[in-house]
Amino acid sequence: RLSQRLQSVADFVSKGARVADIGSDHAYLPAYLVQEGTIDFAVAGEVVEGPFNIAKNHINDINLHNKIDVRLANGLAAIEKDDQIDNIVIAGMGGILISEILGADIKKLKQVKRLILQPNNHEDTLRQWLDNQGFKIVDEKILLEAGKFYEIIVAESTDCFTENSVSTDGRLSVKELIFGPKLLLEKSDIFCKKWEKERDTLNKILKRLPEEQVIKRVELQEQKQKIEEILK
Ligand code: SAM
């Protein structure tokens, strides 16, 4: 069984998709998707030899090596043209690293319909990157597992949309970058919990920060204000 976090990531994979799971570690995600019958082809990319070997052995042991190709590769280098990958999953890494991995090989994203991303932090940087590259955030989810908040961002290339379905509002606002356009609309209990916690942390930092640190104080106050506005 997958963790709640990986299960939620798996739920966003399109039925029948050809999936690349980049930074797959044990390859639990593609194994689950094939076993459930959601997909029947995946590439599991992993840059570190230890987890790559474990993943390879695991996939052989469960006899899925005909459907899941485990590859030792850096980022999108795991994907080859003939794979016809249309869904890419990158989960459990920092948001900056995820955008660097995507940006390092941008041509490979041309054929890809859907990106399912689960950054552990810097979600705003990743949303900004997606927005700049013409990806539209079509879905998001926030969850709390073992005391940690996780956000999942699902993006699709705007090239995939017909002219009529392209939203005319275009670029994301600063608020949408920070809080997530879909999460902001939904404002779930978990979402509020995350940002209440963040606000409390900012309050604690502000209490300890000397009055002379004017610039830093203003910056933190502004962050706090943004949070308070959306929690209203
Ligand atoms: N995706 C799994 C999950 O969400 O549970 C594993 C997450 S694990 C914390 C991150 C994995 O990404 C590690 O196994 C790491 O070696 C791998 N990784 C980091 N940078 C990578 C890169 N540039 N290319 C491929 N894999 C990478």
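Which atom of glycine 23 lies 2.8 Å from a nitrogen atom of the ligand? In this predicted model, a backbone N or O atom of glycine 23 sits at that distance. Let's stay with the ligand for a moment and then move on to helix 2.

Glycine 23 has company around the ligand: 15 residues surround the molecule, and Arg5, Gly23, Glu46, Asn74 and Gly75 are the closest of them. Glutamate 46 brings a polar side-chain atom to 2.5 Å from an oxygen atom of the ligand. With valine 47 we're back to the backbone, where an N or O atom lies 3.4 Å from a ligand nitrogen. As for coverage, the ligand on its own has 600 Å² of accessible area, and the protein covers 77% of that.

So much for single contacts; now for the elements behind them. Helix 1, strand 4 and helix 4 (95-103) each give two or more residues to the shell around the ligand. Strand 4 supplies the largest share, with three residues. Sorted by class, the shell holds eight nonpolar, four polar and three charged residues.

Now for helix 2, which spans residues 28-35 and is mostly covered, with six of its eight residues buried. Those six are Leu29, Pro30, Ala31, Tyr32, Leu33 and Val34. What do the buried residues of helix 2 pack against? The list takes in helix 1 (4-11) and helix 3 (49-61), plus strand 1 (18-22), strand 2 (41-46), strand 3 (68-72) and strand 4 (87-93). After helix 2 comes glycine 37, with a positive phi near 80°.

Technical notes: Residues numbered from 1 in each chain as written. Predicted model: local features only at pLDDT ≥ 70, side-chain atom pairs only at ≥ 80, totals over all residues. Heavy atoms only, no water. Buried < 20%, exposed > 50% of the residue type's maximum accessible area, 1.4 Å probe, protein only. Helix = DSSP H or I, 4+ residues; strand = E, 2+ residues; numbered from the N terminus. Contact = heavy atoms within 4.5 Å. Near = heavy atom within 4 Å. Polar contact = N/O pair within 3.5 Å; in protein donor to acceptor, adjacent residues only side chain to side chain. Areas by Shrake-Rupley, 256 points an atom, 1.4 Å probe, with all protein chains shown as cover. Nonpolar A, V, L, I, M, F, W, Y, C, P; charged D, E, K, R; others polar.
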